[in-house]
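Me: I would be grateful for a close look at one part of this structure, followed outward to its surroundings. Please explain each term where it first appears.

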Amino acid sequence: MALHKPPSEVKMGFVDGMFKKELLNRLIGSVFVLVGIVGGILLGGWPWAFIASAIALGSLWELYKILSTKYRLSIAWGMTGAIVLLLSVSFGLSYSVTLSVIAMVAFLVLFTEVVRRQNTGRSYALWNLGGTLCGLIYVVLPWSFLIVIRSQTWGYVFLLTIFFCTWSCDVGAYLVGTRFGRTPFCRKVSPKKTWEGFWAGVCASILCGAALALPFEFPPMPLVLLGAICGIAGQFGDLAESVLKREANIKESGKVIPGHGGFLDRFDSILVNATIAFFVFEVIG
């Protein structure tokens, strides 16, 4: 007579199987990202500027598609402005050029809506202006900060620390939250996130920052501080993207990276971490 496993064991085996499959997909995607990011940072110069710009443009496109589910946007103006902005930073031009690019995009969007209203009797200036500029500020500026940081003497150290601490936070929060998470952290935005996972991510990021000080032969405190920033702010950056997707009623911003979704899904934490790190080191420096 055939023996059947109890339903509880079948369910547990299914959950473990799904967990392992998802973990494998995330691992494959992580290796792909790791090689590209670390290789670009170590090479620096134009290779890094190209990689950072490509991710920025891909992320911006995904964000515009999300926003387009609710609003009318001038995506062409936004993408063009992003390209000019990233080129200006890559060529080492002043950030005053960057600000002027953002201002010009704003006026081009408004002029587009003037023409639209004149020809059709309808316009979407309020939504279009906010949505188009939002993409440049939320996505493109942080990646431009990463290009600028790499051009500094110890830039590669800070960039590698930002990325490795962010990834360590993601892994720590995911593993602990999935297995041991019991207390919801932000249920109405991201139901699967827990306080157990949150603090595991923070600890993993700080430990990563401290550990990187050894191979880099760098004073530990700046990297520990950077680890703390990435561990805390990065998780709120993830929630920031989650609320956008929840309002748009989508699960992922794209499907470019196996196990991770789109560029915006994979690098949402990096956006806020890069912004805060750039601000801190500009003030200190």
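Reply: R116 and E113 are separated by about one helical turn, because they stand three residues apart in helix α4. Helices here are DSSP runs of H or I with at least four residues, strands are runs of E with at least two, and both are numbered from the N terminus. R116 and E113 are joined by a salt bridge, in which the closest N and O atoms are 2.9 Å apart. A salt bridge is a side-chain nitrogen of Lys or Arg within 4 Å of a carboxyl oxygen of Asp or Glu. Both R116 and E113 are buried. Buried means under 20% relative accessible area, exposed means over 50%, and partly exposed lies in between (1.4 Å probe, protein chains only).

The model is predicted: local features need pLDDT of at least 70 and side-chain atom pairs count only at pLDDT 80 or more, while totals for chains, interfaces and linings use all residues. Residues are numbered from 1 along each chain as its sequence is written, and side-chain values use heavy atoms, with hydrogens and water left out.

The pair in α4 belongs to a wider set, as a search of the whole structure finds six salt bridges. Another of them links the side chains of K245 and E241, at 3.7 Å from N to O. K245 and E241 are four residues apart in helix α8, so about one helical turn separates them. K245 counts as buried because its relative accessible area is 11%; E241 is likewise buried, because its relative accessibility is 1%.

A further salt bridge connects E252 with K255, where the closest N and O atoms are 3.3 Å apart. The two partners are not equally covered: E252 has 30% relative accessibility and therefore counts as partly exposed, whereas K255, with a relative accessible area of 74%, is exposed. Salt bridges with shared partners also join E241, K245 and D265 into one network.

E252 deserves a longer look. This residue is found in the loop between α8 and α9. The side chain of E252 makes a polar contact with the side chain of K255 at 3.3 Å. A polar contact is a pair of N or O atoms within 3.5 Å; within protein, one atom must be able to donate a hydrogen and the other to accept it, and residues adjacent in sequence count only if both atoms are side-chain atoms. Leaving aside residues up to four places away in sequence, E252 touches K245, G261 and D265, where contact means heavy atoms within 4.5 Å. K245 and D265 are thus the network members already named. E252 and L264 are 12 residues apart along the chain, and their C-alpha atoms are separated by 8.7 Å.

The loop that holds E252 also contains N249; it runs between α8 and α9 (263-284). N249 is not a glycine, yet its phi is positive, at about 60°. N249 counts as exposed because its relative accessibility is 70%. On the other side of α8, in the loop between α7 (195-216) and α8, lies E217. E217 is another residue other than glycine with a positive phi, near 50°. With a relative accessible area of 72%, E217 is exposed.

Between these two loops, helix α8 spans residues 220-248 and includes Q235. Q235 counts as buried because its relative accessibility is 11%. Its side chain reaches the backbone oxygen of G231 at 2.9 Å. Not counting residues up to four places away in sequence, the contacts of Q235 include C169, A173, F198, V202 and S269.

The nonpolar interior can be described next. A nonpolar core is a set of buried Ala, Val, Leu, Ile, Met, Phe, Trp, Tyr and Cys residues joined through side-chain atoms within 4.5 Å. The largest core has 63 residues, of which W48, W143, F163 and F267 touch the most other members. Helix α5 (residues 125-150) supplies the largest share of this core, 11 residues. F267 touches V33, I37, I55, W143, F163 and I257, again not counting residues up to four places away in sequence. A second, separate core of five residues includes V189, F198, V202 and L239. Two of the residues named there, F198 and V202, are also contacts of Q235.

One last feature concerns the loop that leads into α4. F91 lies in the loop between α3 (75-90) and α4 (95-120). F91 counts as exposed because its relative accessibility is 56%.
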